Amino acid sequence: MIKARKGIFLSLLALMLAVSQLWLGAQMKKVSAEGNIKDLIILQNVPQIAADASGEKIELNAIHVFKEGHFMKVSSGVEWKSSNKNIATVDQNGHVTLTGHNGRTFISVKDGQFKDRIAIDYKVDSNRTVKGKPASKATVIKQQGDRYNIISHAISKLSIEEKVGQMLMPDFRNWKGNNVTEMLPEIEQLVQDYHLGGVILFRENVVTTEQTAKLVSGYQAASEKFGLLMTIDQEGGIVTRLQSGTDMPGNMALGAAKSEEISRKVGKTIGEELASLGINMNFAPVMDVNNNPDNPVIGVRSFGEDPELVAKMGVAYTEGLQTAGVAATAKHFPGHGDTAVDSHLGLPEVPHEKDRLKEVELYPFQKGMEAGIDAIMTAHVTFPKIDDTKAISQKTGEEIAVPATLSYKVLTELMRDEMGYEGVITTDAMNMKAIADHFGPIDAAIRAVKAGTDIVLMPVGLEEVADGLLDAVESGEITEEQIEASVERILTLKLKRGIIKEETPLPIEEKIAQALEVVGSLEHKQVEKEAAERSITLVKNEGAALPLKVEEADEIVVVGNTYIASLGEAISKRHKNTAVMQTSEYILTDAQRQQIKDASAVIVGSYTYNVSGRSPNSDQMKLINSIIDETDAPVIGVGIRNPYDIMAYPEVDAYLAQYGFRTASFGATAAAIFGQVNPSGKLPVTIPGQDGSGLYKFGHGLRY
């Protein structure tokens, strides 16, 4: 009994000592951090940061600046005050509320050792009126001084390894054969060893809302000095990474809806869901002008073939995304739309002169720049009329043109100097074959940085590329000044979007709770539904085949292969007597053909993503045309992905384009078929005939 009590006592003593050591360690770390604090400033006093004073509320943030140069967001232990509460009040989170009275107030913050302030003027603005009378406007007046040059101070304290690390953005899709869905010690070590500036997530990484919020939080905790750019390709439509939340229709659907308001709503909804998960940068929108029907990689990822439409929809999407606090990225500069080769698989070329490029390919990017887009992604595409520089392919040993990603003439002379872009430039993935096949991973990274990129995305071999860039700086091939200019742009973006490490981060349970309220909310689902319904385009409707008028006992047959179960399910919800025939080899039995002949209506769903797929000689299109020939009942075609599918079966009675395979799009198509929604979409591309003549023009779209 005494031995047992002694054992319990020793165990309790050991536990108390362990807890006290943890507490003491945390306190010592806190004291150490406090001892290293150099200043307390209001973030909005930093020259590169704009303070939004457009509404009745202004959000201010306090940050501690450390002697080592980095900075952290302060959310507790500080006191906020307003010098004139008649003009504005401030709560202890730095949220300023204007009272509506004219005048000036100083908003101050202090932590007992340091303090800072910023002025807010509320004055009559002769340019603004409310009901015919002059209205007042708030203006934030920044304080001046070297203390606010925190970015240049931070860079001056960084080692060259830390500077280069800010420019690297790898992916960690898998680790030792398993998908990375939680922070691993090995990955945490890599984040720290290479001082990474960011990480890109893929569908393998983001399974549920709770899991994603934890993973992203784990990444941010791993970063030692600066917050990480946590990025993703959440374009909407066929490129959607999140496995929970809304599945927005893609860009071509938005182009068909032809509504800047809807595009802005979609961008904002996607931004809000990403932000709630801690994902702070989206590699979207695609600003490519898809004027080549044979394009195998862009297609419905583009808003359409018209540069002005692409610009308007792209800028609206960008505004929505960035309003939600998520950095937007226009891609793929200078334009991947007029290509017939997938840069994941080969090296495409755009042969046009600069004047034509300015009118078409470059136009949306220029408008995006003017609208203040945060970042631009480069294209692994050659533009010989801009840069005819040659390199020797490591794959073939032949001379090849240098792609835009590696071109100084494209990134620096065209984008920076001629078009005036000052934001962040990121490469497309450096593991794509257009780069990986022809250039070694180290050579490609060095070329990209020398060309003017700020972020090397998905370098092939993190250690080798990091060492290669460091060697290039040491040898003088890349100047340290150029590295510092890139780091300045990256840190500016991080400050601008609030990507700053926090002294007291929100507990993960609260982050998850907030994310669960936002991701897939009813409000967001309504945006998803509205965008899908507004996009559906009625291209053909011979003999008023649509909307379908069928009796309850009438049978409808839905035929096809890819995603046909989804189309069938959407039709079945509206008409119970629906048969779905999924044809894996595009072959029907005699019994199936008879059932189709006996049906009151037939709906064929076609799915293509390349030129051969939409050829009338493909098995899919032969089947559809045989159904059209053999059936007296109306045959309704649905282009599930590409609107061009009708080129292969032009004799169909009616044809709807839905531009993607997300659930909301199938629901919207079914609603249009039964007249529950009057289709209002307009073709954002021209559909050519097989002989090259125009089958349906850009802007074409029927209604009931």
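**Exercise 1. Determine whether Asp294 is buried, partly exposed or exposed, and find its salt-bridge partner.**

Step 1. Asp294 has a relative accessible area of 33%, so it is partly exposed. The classes are: buried, under 20% relative accessible area; exposed, over 50%; partly exposed, in between (1.4 Å probe, protein chains only).

Step 2. Asp294 pairs with Arg614, and their closest N and O atoms are 2.6 Å apart. A salt bridge here is a side-chain nitrogen of Lys or Arg within 4 Å of a carboxyl oxygen of Asp or Glu.

Step 3. The pair links distant parts of the chain, 320 residues apart: Arg614 is in the loop between β26 and α20 (619-630), Asp294 in the loop between β16 and α8. Helices (H or I, at least four residues) and strands (E, at least two) are DSSP runs, numbered from the N terminus.

Step 4. Arg614 is buried, at 6% relative accessible area.

A note on the source: this is a predicted model, where local features need pLDDT of at least 70 and side-chain atom pairs count only at pLDDT 80 or more, while totals for chains, interfaces and linings use all residues. Residues are numbered from 1 along each chain as its sequence is written, and side-chain values use heavy atoms, with hydrogens and water left out.

**Exercise 2. Locate the salt bridges of Glu418 and Arg416.**

Step 1. Glu418 bridges to Lys354, with the closest N and O atoms 3.0 Å apart. This pair links helix α11 (residues 408-418), which holds Glu418, to helix α9 (residues 354-359), which holds Lys354; the two residues are 64 apart in the chain.

Step 2. Check the cover. Glu418 is partly exposed at 39% relative accessibility. Lys354 is partly exposed at 29%.

Step 3. Arg416 meets Asp454 in a salt bridge (2.9 Å, N to O). Arg416 is in helix α11 and Asp454 in the loop between α13 (441-451) and β22, 38 residues apart. Both residues are buried.

Step 4. Shared partners join Asp233, Glu235, Arg241, Arg301 and Lys331 into one salt-bridge network. The count of salt bridges comes to 36.

**Exercise 3. Explain why helix α21 counts as largely enclosed, and list what its buried residues pack against.**

Step 1. Helix α21 spans residues 663-673. Ten of its eleven residues are buried, so the rest of the structure largely encloses it.

Step 2. The buried residues include Phe666, Gly667 and Ile673.

Step 3. They pack against α17 (522-535), α18 (564-572), β26 (601-606), β27 (635-639) and β28 (654-657). Contact means heavy atoms within 4.5 Å.

Step 4. After α21 comes Gly675, with a positive phi near 80°.

**Exercise 4. Find where Lys258 and Met458 lie, and state the sign of phi for each.**

Step 1. Lys258 is not a glycine, yet its phi is positive, about 55°. Lys258 sits in the loop between α6 (251-257) and α7 (260-277). At 45% relative accessible area, Lys258 is partly exposed.

Step 2. Met458 is not a glycine either and has a positive phi of about 55°. Its place is the loop between β22 (456-457) and α14. At 3%, Met458 is buried.

**Exercise 5. Identify the cis peptide bonds that lead into Pro285 and His332, and place both residues.**

Step 1. The bond from Ala284 to Pro285 is cis, with omega near 10°. Pro285 is in the loop between β16 (281-282) and α8 (307-323).

Step 2. The bond from Lys331 to His332 is cis, with omega near 10°. His332 is in strand β17 (residues 329-333).
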